[in-house]
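The following exercises concern helix packing in a predicted model. Each task is followed by a solution worked in steps.

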Amino acid sequence: MIRLMLTALVCLVLGSSAQAQDRFPSKPIKIILPYGAGSATDIITRIMCEQLRQILAQSCVVENKPGAFGIIAIEEMARARPDGYTLQVGNVSTNAITPVLFKDKLTINYERDVVAISRLADLPTFLMATTRNFPPKTLAEFIAYAKQRPAKLKYATPGAGSFPHYDMEILSQRAGIAMEAIHIKAGPPGFINDMSLGDIHVAYMNVATSAPQIKAGTLRAIVTTTDKRLADYPDVPTMAEAGYPGVGTTLWAGLFAPAATPPAVLEMLHKAVVQALRSPQVLDAYTKQNIRSGPSGSLAEAKTWLQGEIASWQKITKDIKIDLAD
Amino acid sequence: MGDFFGNLALGFGVALTPTNLGFAFVGCLVGTLVGVLPGIGPVATVAMLLPLTFYLEPVSGLIMLAGIFYGAQYGGSTTAILVNMPGETSSVVTCIDGHQMARNGRAGAALAVAALGSFFAGCFATLLIALFSPPLAKVGQSFGAPEYFSLMVLGLIAAVVLAHGSIIKAVAMVLLGLLLGLVGTDGNTGGARFTFGATILSAGIGFVPLAIGVFGLGEVIANLISPQHRRDLLTNKISGLWLTWEEFRQAWPASVRGTIIGSLLGVLPGGGATLSAFAGYVLEKKLARDPSRFGKGAIEGVAGPESANNAGAQTSFIPMLTLGIPGNAVMALMIGALTIHGIQPGPQVMTERPALFWGMVASMWLGNLMLVVINLPLIGMWVQLLKVPYRMLYLAILLFCAIGVYTLNNNAFEVILTALFGVLGYVLLRLECEPAPMLLGFILGPLMEENLRRAMRISSGDPMIFINRPISLGLLIAAALLLLIVALPAIRGKREEVFQEG
């Protein structure tokens with residue numbers, strides 16, 4: 001009798017686990033995020049997650065693990081069991097710049113151990129300037145103004161070695177100007193006030209954070225780093241139109257998994273994510289936040305895209321030397 | 001003025017619909033629970049409930065999230081008073097006198113004064129938001145990096161007043177807090193400080209592991225080491241659940257002062273609400289005729305800071321609603337909730353979306369009323385909790401702490417860190433060093449450093465920036481005066497005399 005019960009139990013356990021392999025996903029999917037709740041990447045992820053839950057009929061849990069340039073989140077994902085239940089969402093900073101700039105700090109081999117499931121979305125960036133004590137309205141006026149005041153103008157970045165830091169240095173180098181960087185960990189919410197007081201003059205900021213300030217007239221959008229003008233801001237020219245093509249990064253977010261995840265599971269996740277990102281609910285929520293949905297066409301395309309991003313940042317960090325204390 | 005009443009009528013019209021009342025109630029209830037459980041903070045809760053608000057009317061979603069935010073301020077004081085466990089930065093100082101009151105058998109009175117003080121502060125701050133949002137936002141906006149730095153200097157000097165023992169020890173604790181606050185990545189250079197090569201420390205030490213460890217676990221260890229009768233002292237003489245007339249007389253002026261100082265500091269974008277409770281406590285201790293009562297269960301030490309933190313929590317909505325600048329993580333999440341509905345927080349919200357703005361203001365007042373209704377009957381139940389034998393209670397405390405700390409970042413390392421800080425807390429207790437000044441140093445240190453470096457960059461290295469800006473100069477003069485008062489030998493002599501008596 002006992003043996004019979006045990007057999008039944010074993011069958012039950014084996015049966016359920018076999019079923020679990022057949023039908024992915026059979027338990028909640030965890031997405032690790034290298035930023036705190038409420039950040040742009042967090043909002044992109046949570047909106048997508050909500051839709052993913054309906055498509056996969058499994059809940060999708062976001063875990064915020066900020067810090068160490070994304071290293072903590074990336075390593076936890078890369079070391080997790082490669083079964084498709086532990087994923088990571090990252091952005092250009094954590095998943096393209098960190099693997100280049102902090103290669104020595106990572107205890108995994110990023111290019112070998114991490115695979116991209118899909119690009120998710122991007123958030124257009126503006127070059128913003130204060131209206132308090134800063135007359136220039138166009139990029140040409142701004143550069144002429146900066147040339148008359150070498151090393152006098154201040155710009156804000158969310159940290160040394162962050163992409164807005166590189167982008168401003170690239171612009172300075174191309175335009176032949178010199179400005180002073182002020183790094184503010186909290187990012188735009190931490191320096192909007194300094195800008196509206198005129199203590200800090202310019203900064204790259206995403207469109208979601210910029211919008212209320214533009215509307216209130218405290219800050220002005222000089223150019224956008226996107227390839228086309230934004231529908232809501234038809235008067236703001238692109239970098240290319242302003243004479244500096246290729247300058248400026250658009251903040252993208254992507255979904256990543258351990259490289260050893262079974263290809264069938266990756267394929268399934270990719271399809272579900274693309275479906276979520278093309279659903280009217282996500283498109284609607286993203287549009288309201290000025291987020292542009294932009295999934296990769298296939299797993300292969302996602303792979304090429306990530307390789308291209310890494311190669312591009314390898315080149316930028318080699319060309320522009322930024323002194324990073326260790 | 002007619003306009004004002006018209007606006008309020010509009011607001012109550014929105015807030016008093018059964019749906020919105022329901023959401024306010026859910027928010028307040030969840031907030032209270034989240035506040036009571038140590039470590040589970042409003043930020044995580046609001047983040048989890050954010051997707052839910054996609055399906056709600058914007059004003060309903062906002063009312064619920066706001067309820068969670070200020071509900072947690074209420075609930076946080078409950079654990080601070082009962083088991084000396086601050087769940088939020090704002091309830092740290094409530095531990096000092098609130099828990100002593102509980103030890104003296106006045107837990108009911110401490111909880112009642114916290115609830116009533118918070119209610120009064122909430123009403124006043126709501127009125128303030130309704131009447132003076134735009135001009136108040138301007139005040140907050142005039143604070144740049146140099147002004148913040150000078151404010152922090154004033155705050156740290158005031159921290160010494162927090163302690164009720166030796167000045168040297170208080171200064172040492174502030175410095176220890178500053179050092180702990182330095183751990184992590186240097187924002188300016190990206191360099192690592194005091195991390196000993198551990199990636200896990202590169203984000204710095206969290207407030208919750210430190211506060212729960214030093215206050216809560218330290219207290220648990222101390223209780224377990226002391227003999228049985230001392231542990232049960234807490235449970236034997238619970239004398240009345242309500243305030244005595246004498247207590248009420250002492251508490252209400254403190255509550256009024258706390259409300260005013262909290263309302264003002266809460267408006268500052270970034271960190272303002274955190275300072276409120278500390279400032280409220282320091283003010284009470286400075287004004288008291290007999291400061292030696294503080295730290296031994298002075299009711300003003302509960303009424304002042306509890307009113308201040310609730311007022312600060314309310315007025316911290318001002319920069320978010322009127323400028324679109326989030327003062328803290330919860331405000332950042334609320335901006336997210338609003339923008340999902342296509343509402344851009346900023347100066348135009350009041351004119352373009354009057355129903356949303358005034359509905360929210362009205363719901364704040366209703367929410368505060370609900371919190372009193374939820375919390376006052378619970379006092380009896382909470383106090384009963386103290387009758388649970390300590391040998392069982394402490395296990396539950398430890399369990400909830402571990403869960404709370406773990407769920408904060410899903411990080412087991414922080415649980416270990418909490419345990420280590422628990423040992424530190426016990427050592428400090430035995431050395432008679434007070435942890436409150438240390439926590440203030442820990443919170444203010446990084447803010448102070450960042451604003452100092454930012455100000456120096458803004459001025460291109462000219463320290464005169466702190467003197468050339470009038471607000472900054474005023475704050476520095478106030479700090480110098482305070483330092484003088486603390487340092488004056490005559491006054492110091494009197495101060496120590498007072499302590500020897502106590």
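**Exercise 1.** Determine whether the crossing of helix 4 of chain B and helix 5 of chain B is left-handed or right-handed, and describe how the axes of the two helices are arranged.

*Solution.*
Step 1. The two helices, in this predicted model, span residues 58-83 and residues 92-103 of chain B, respectively.
Step 2. Their axes come within 6 Å and cross at roughly 55 degrees.
Step 3. An angle counts as roughly parallel under 35 degrees and as roughly perpendicular from 65 to 115 degrees; helix 4 of chain B and helix 5 of chain B are therefore oblique to each other.
Step 4. The handedness of this crossing is right-handed.

**Exercise 2.** Identify which residues form the contact of helix 4 of chain B with helix 5 of chain B, and state how they divide into nonpolar, polar and charged.

*Solution.*
Step 1. Helix 4 of chain B contributes B:S77, B:A80, B:I81 and B:L82.
Step 2. From helix 5 of chain B, the partners are B:T94, B:C95, B:G98, B:H99, B:M101 and B:A102.
Step 3. Sorted by character, the residues of this contact comprise six nonpolar and four polar, with no charged residue.

**Exercise 3.** Establish the relative orientation of helix 2 and helix 11 in chain A, and list the residues through which they meet.

*Solution.*
Step 1. Helix 2 of chain A (residues 40-56) packs against helix 11 of chain A at an angle of about 170 degrees, and their axes are 10 Å apart.
Step 2. Angles over 145 degrees count as roughly antiparallel, and this description therefore applies to helix 2 and helix 11 of chain A.
Step 3. The crossing of these two helices is right-handed.
Step 4. On the side of helix 2 of chain A, the contact uses A:I47, A:M48 and A:Q51; on the side of helix 11 of chain A, it uses A:Q281, A:V282, A:A285 and A:Y286.
Step 5. These residues divide into five nonpolar and two polar, and none is charged.

**Exercise 4.** Explain why the buried residues of helix 11 of chain A line one face of the helix, and state what follows this helix.

*Solution.*
Step 1. Within helix 11 of chain A (residues 280-288), the buried residues are A:V282, A:A285 and A:Y286.
Step 2. Viewed down the helix axis, these buried residues fall within an arc of 100 degrees, so they line one face of helix 11 of chain A.
Step 3. After helix 11 of chain A comes A:N290, which has a positive phi, near 65 degrees.

Definitions and conventions: Residues numbered from 1 in each chain as written. Chains lettered and ligands numbered in written order. Predicted model: local features only at pLDDT ≥ 70, side-chain atom pairs only at ≥ 80, totals over all residues. Buried ≥ 20, exposed ≤ 12 C-beta atoms within 10 Å, placed from the backbone. Helix = DSSP H or I, 4+ residues; strand = E, 2+ residues; numbered from the N terminus. Arc of directions from axis to C-beta. Axes fitted to C-alpha atoms, helices over the stretch in contact; angles between N-to-C directions. Left-handed = near helix turned anticlockwise from the far one by under 90°. Contact = placed C-beta atoms within 7 Å. Nonpolar A, V, L, I, M, F, W, Y, C, P; charged D, E, K, R; others polar.
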